[in-house]
Amino acid sequence: MHAAISSGHDRCKTTIDNYPPTTMPIPYGRQTLDEDDVSAVVEVLRGDWLTQGPGVGAFEEAFAAACEAPYAVAFSSGTAALHAAAHVAGIGGDDELLTSAITFAASANCGAYAGATPTFADIDPATWNISAQTVAAALTPATRAVVAVHFAGLPAPVAAIRATVGDSVRIVEDAAHALGARTPAGPVGACVHSDMAVFSLHPVKAITSGEGGMVTTREERLAARLRVFRTHGIAGAAAREAAPAGRWWQQGRWYHEQRELGFNYRLTDIQSALGRSQLRKLERFIARRNELAMRYRELLGGIEQLELAPAAPPGERHAYHLFVVRHRAGAAARRRLYDGLRERGINAQVHYLPVYLHPWYRRTYGYGEGLCPQAERYYAGCLSLPCFPALSDAEQERVVEAVRELV
Ligand SMILES: Cc1ncc(COP(=O)(O)O)c(C=O)c1O
């Protein structure tokens, strides 16, 4: 990777090559790789371990350090990580898991996997995140967990949500969009006010391992349970240590036992090598995403029909996984903008349909329109413009010109 800091008109600028080069239309997001990443993966292929070996632990350690959390546990995807977090949060049965209406379905599905009922808080129209107020309005005596989504990479107000729900409700941060974001309490993932934070390492995210996920936590007991859950619910060394001396069938170094119903949710050493190599570039990637967002603000700021993505308040850092604009004229105008961009080779995307409006949610829980009015208003006009480290200034200008022409 070539990451030159050259002086622009009035400020430093991060330049990141588009590698591997692509002839595809400009996507809303994509991976940014370099030869170091390729070498890191190839090195694993020449070694002894392919699936979970020492590389996973090394990646977890580096990830925990980046988040300033004592523990990080790797998973095969962010979805698997959310499932594990919901499981070790101890929810099920008659419990409710409360999350944002505007998120990827996985934030809510993890509640359903654990046998609980997913419920939804509306978004604050100023941040497009849930707030302490919207959480309070949706809270019931059955709420056992809140999945606080840092939508688009802007930190949700976790400290205020903790103050609202108290200590008896588990808070899981869905930080799939927010690796590299910061609050005055530290990096997202430090879990100062939450129980766990969940990350995704899918190629459109801040860094990638191909597919992958991570959970950070400050609780050793939760970390241990997460590790058991990702390996079929099977404990090895811990089981041997705990085995009473008298039981002959529990003795021997081969012995392991299944303690609960888990899954194979392991990340591989191949993926971990890529993730660890990518993690070293996180700061540069987030700096470039912030530059792109600032340029969008400068270049699109004068268009009255567009509301631009909320910026981070002073003292916080946005990770800009997405740069979203909202067409104030609503669904038909947004549709014309989306279609017009596609015709011009720009694949913008819509994030997200309010989760409760998916057919499975309507059918299973009886949800329908009107549950979260701000989320529905947002959805009618939202569009994520291309925003990823390797997007060049020239490509961004092409996007801006097309948007100006179409709106
Ligand atoms: C907010 C959010 N949560 C969870 C996930 C799930 O992550 P993964 O795709 O790694 O399973 C995603 C992925 O897009 C997401 O955007």
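Helices (H or I, at least four residues) and strands (E, at least two) are DSSP runs, numbered from the N terminus. The model is predicted: local features need pLDDT of at least 70, side-chain atom pairs count only at pLDDT 80 or more, and totals for chains, interfaces and linings use all residues. Residues are numbered from 1 along each chain as its sequence is written, and side-chain values use heavy atoms, with hydrogens and water left out.

**Exercise 1.** Determine which elements contribute to the shell around the ligand.

*Solution.* Begin with the shell: 15 residues surround the ligand (a heavy atom within 4 Å of it). Among the closest are Gly78, Asp174 and Lys205. Next, assign elements. Helix H3 (78-88) and helix H4 (106-113) are those that give two or more residues, and H3 gives the most, with three.

**Exercise 2.** Identify the side chains in polar contact with the ligand (N or O atoms within 3.5 Å), and state how much of the ligand the protein covers.

*Solution.* First, take histidine 177: an N or O atom of its side chain is 2.8 Å from a ligand oxygen. Second, the side chain of lysine 205 also places an N or O atom 2.8 Å from an oxygen atom of the ligand. Third, a polar side-chain atom of tyrosine 352 lies 3.1 Å from a ligand oxygen. Finally, the protein covers 90% of the 390 Å² of accessible area (Shrake-Rupley method, 1.4 Å probe) that the ligand has on its own.

**Exercise 3.** Classify arginine 317 as buried, partly exposed or exposed.

*Solution.* Locate arginine 317 in the loop between strand E15 (306-308) and strand E16 (323-327). Buried means under 20% relative accessible area, exposed over 50%, partly exposed in between (1.4 Å probe, protein chains only). Arginine 317 has 21% relative accessibility and therefore counts as partly exposed.

Notes:
Polar contact = N/O pair within 3.5 Å; in protein donor to acceptor, adjacent residues only side chain to side chain.
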